[in-house]
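Good morning, and thank you for coming. Please take a moment to look at the sequence and the model on the screen, and I shall then walk through some of the features.

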Amino acid sequence: MMAVRSCLGVKFGVSGLLSQLTSSTRHHGSRPCVSPILTPQHRNTSSSSTSSKVKVDLDQNTGVAVMHMQSPPVNSLSLDFITELCISLEKLEMDKGCRGLIITSSQPKVFSAGLDILEMYGKSPERCGEFWKSVQELWLKLYSSNMVTIAAVNGSSPAGGCLMALTCDYRIMADNPAYSIGLNETQLGIVAPFWFKDTLMNTIGLRNSEMALQLGLLYKPQDALKVGLVDQVVPEDQVLPAAVKSVNKWLAVPEHARQITKSMMRKSTIDRLTSNREADIQNFVSFITRESIQKSLRGYMELLKQKKA
Ligand SMILES: CCC/C=C/C(=O)SCCNC(=O)CCNC(=O)[C@H](O)C(C)(C)COP(=O)([O-])OP(=O)([O-])OC[C@H]1O[C@@H](n2cnc3c(N)ncnc32)[C@H](O)[C@@H]1OP(=O)([O-])[O-]
């Protein structure tokens with residue numbers, strides 16, 4: 001495993017955020033079986049690990065984990081939630097018994113509402129910087145994962161929620177026209193950073209990304225399928241079974257070859273962020289704390305409330 005990473009120079013974005021992890025989870029190179037999720041006496045069974053916002057069920061027979069996001073009401077990505085997601089991902093990545101990951105939502109109608117707007121509104125520059133570092137961390141962990149990753153998109157997935165899905169190897173969305181997915185940042189008066197843009201472009205190409213990003217498009221499932229933003233659209237109750245079927249198909253490919261290929265495809269995109277993390281944080285902080293941007297975010301939050309009323 002280490003050889004895969006080192007020969008391609010793919011780095012896992014381990015930062016201060018993960019200082020919260022126990023030291024035993026840091027021996028990344030040899031992927032020891034350190035996760036509390038998997039112990040020898042529990043082999044051939046399933047196990048479950050739950051933090052307050054993330055529930056992980058690992059089937060040790062298949063090596064597939066299902067990660068349920070459960071941060072009500074809409075799985076918006078707050079600093080706390082992102083931290084929990086990163087810790088869970090780190091544990092699974094280190095766990096030899098886990099080879100595939102399905103990410104889904106426990107919240108009705110929503111996969112994830114994207115970044116928590118309240119983390120970007122009325123906060124100090126220091127706090128905004130800390131938040132942005134965690135967003136980078138989550139993206140790095142997901143995009144560079146050695147596991148097969150499948151997004152089981154069982155609800156709406158705007159902005160950062162769409163980004164999470166885009167980091168996965170394969171996306172399956174519920175066929176419900178009430179749901180939408182896309183990077184709609186411009187609609188909030190904010191700008192998706194270069195690595196959001198790169199991830200989208202790697203998936204749907206330059207021309208489609210240009211339109212999607214400038215217009216802040218949110219696609220209905222069937223339109224998302226047409227443009228290649230999702231790979232499969234299935235009836236709502238089939239999202240998870242379809243994800244299980246897909247993960248098994250991907251896992252049937254010789255693992256080493258698949259992992260090296262994945263790293264090769266994603267390396268340059270990952271390197272662009274890892275070598276520019278600090279500058280990217282500074283850019284975000286100076287942008288998001290501008291009075292005009294704060295005003296846009298306030299207006300957008302009011303709009304959300306009005307829509308609800
Ligand atoms: C440069 C940076 C790049 C940025 C990337 C991003 O991700 S930017 C993010 C871009 N994200 C978006 O543009 C998505 C905005 N959200 C939506 O479009 C819809 O909420 C929905 C379609 C996700 C779910 O519809 P639904 O009818 O099922 O639910 P509902 O609408 O009734 O909301 C329930 C409660 O949650 C609240 N809340 C919602 N989202 C957020 C949030 N992100 N954060 C915080 N709070 C949020 C909402 O105000 C309400 O609060 P209340 O009144 O109960 O105190």
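Let us begin with S296, which sits in helix 11. The model is a predicted one, and that should be kept in mind throughout. Is S296 buried, exposed or partly exposed? The residue has 16 C-beta neighbours inside 10 Å, and it therefore counts as partly exposed, since a buried residue needs 20 or more and an exposed one has 12 or fewer.

Which residues does S296 touch, if we leave aside its neighbours within four places in sequence? Its contacts are then with L188, G189 and I190. Just beside these in the numbering is Q187, and the C-alpha atoms of S296 and Q187 are separated by 9.4 Å, although their positions lie 109 residues apart along the chain.

Helix 11 spans residues 291-308, and it has a further role in the picture, as it gives the most to the shell around the ligand, with three residues. How many residues surround the ligand? There are 25, and the closest are A113, G114, L115, A159 and G160. By character, the shell divides into 15 nonpolar, five polar and five charged residues.

One of those closest residues, A159, deserves a second look. A159 is found in the loop between strand 6 (157-158) and helix 4 (160-167). Its phi is positive, at about 45°, although A159 is not a glycine. With 26 other C-beta atoms within 10 Å, A159 is buried.

K109 invites a comparison. This residue also has a positive phi, in this case about 75°, and K109 is not a glycine either. It lies in the loop between strand 4 (100-105) and helix 3 (125-143). Where A159 is buried, K109 is partly exposed, because 14 other C-beta atoms lie within 10 Å.

The loop that holds K109 also holds G122. Is G122 buried or exposed? It is exposed, with 11 other C-beta atoms within 10 Å. As for distance across the model, the C-alpha atoms of G122 and A224 are 34 Å apart, with 102 residues separating them along the chain.

We turn next to a pair of prolines. The peptide bond from P72 to P73 is cis, with omega near 0°. P73 is placed in the loop between strand 3 (64-69) and helix 2 (79-94), and P72 lies in the loop between strand 3 and helix 2 as well. P72 is exposed, with 11 other C-beta atoms within 10 Å. From C-alpha to C-alpha, P72 is 9.8 Å from V110, while the two are 38 residues apart in sequence.

I should now like to discuss how two helices pack. Two packed helices are described by the angle between their axes and by the distance between those axes. Helix 5 (residues 194-204) and helix 9 (residues 255-274) pack at an angle of about 175°, and their axes are 10 Å apart. This makes helix 5 roughly antiparallel to helix 9, because an angle over 145 degrees counts as roughly antiparallel.

Which residues form this contact? From helix 5 come F194, W195, D198, T199 and N202, and they meet T269, R272 and L273 in helix 9. The residues of this contact divide into three nonpolar, three polar and two charged.

Helix 9 has two more features to point out. At R266, helix 9 bends by about 50°. In addition, Q259, K262 and I270 are buried in this helix.

Finally, let us step back to the whole chain. The chain contains eleven helices and nine strands. Of its 309 residues, 42% are buried. What share of the contacts in the chain with a separation of 6 or more comes from residues 24 or more positions apart? The share is 75%. We met one contact of this kind at the start, when S296 was found in contact with L188.

That concludes the presentation, and I shall be glad to take your questions.

Terms used. Residues are numbered from 1 along each chain as its sequence is written. This is a predicted model: local features need pLDDT of at least 70, side-chain atom pairs count only at pLDDT 80 or more; totals for chains, interfaces and linings use all residues. A residue is near a molecule or strand if its C-beta atom, placed from the backbone, lies within 6 Å of it. Helices (H or I, at least four residues) and strands (E, at least two) are DSSP runs, numbered from the N terminus. Ala, Val, Leu, Ile, Met, Phe, Trp, Tyr, Cys and Pro count as nonpolar, Asp, Glu, Lys and Arg as charged, and the others, Gly among them, as polar. Axes are lines fitted to C-alpha atoms, for helices over the stretch in contact, and angles run from 0 to 180 degrees between N-to-C directions. Angles under 35 degrees count as roughly parallel, over 145 as roughly antiparallel, 65 to 115 as roughly perpendicular and the rest as oblique. Two residues are in contact if their C-beta atoms, placed from the backbone, lie within 7 Å. The bend at a residue is the angle between axes fitted to the seven residues ending there and the seven starting there.
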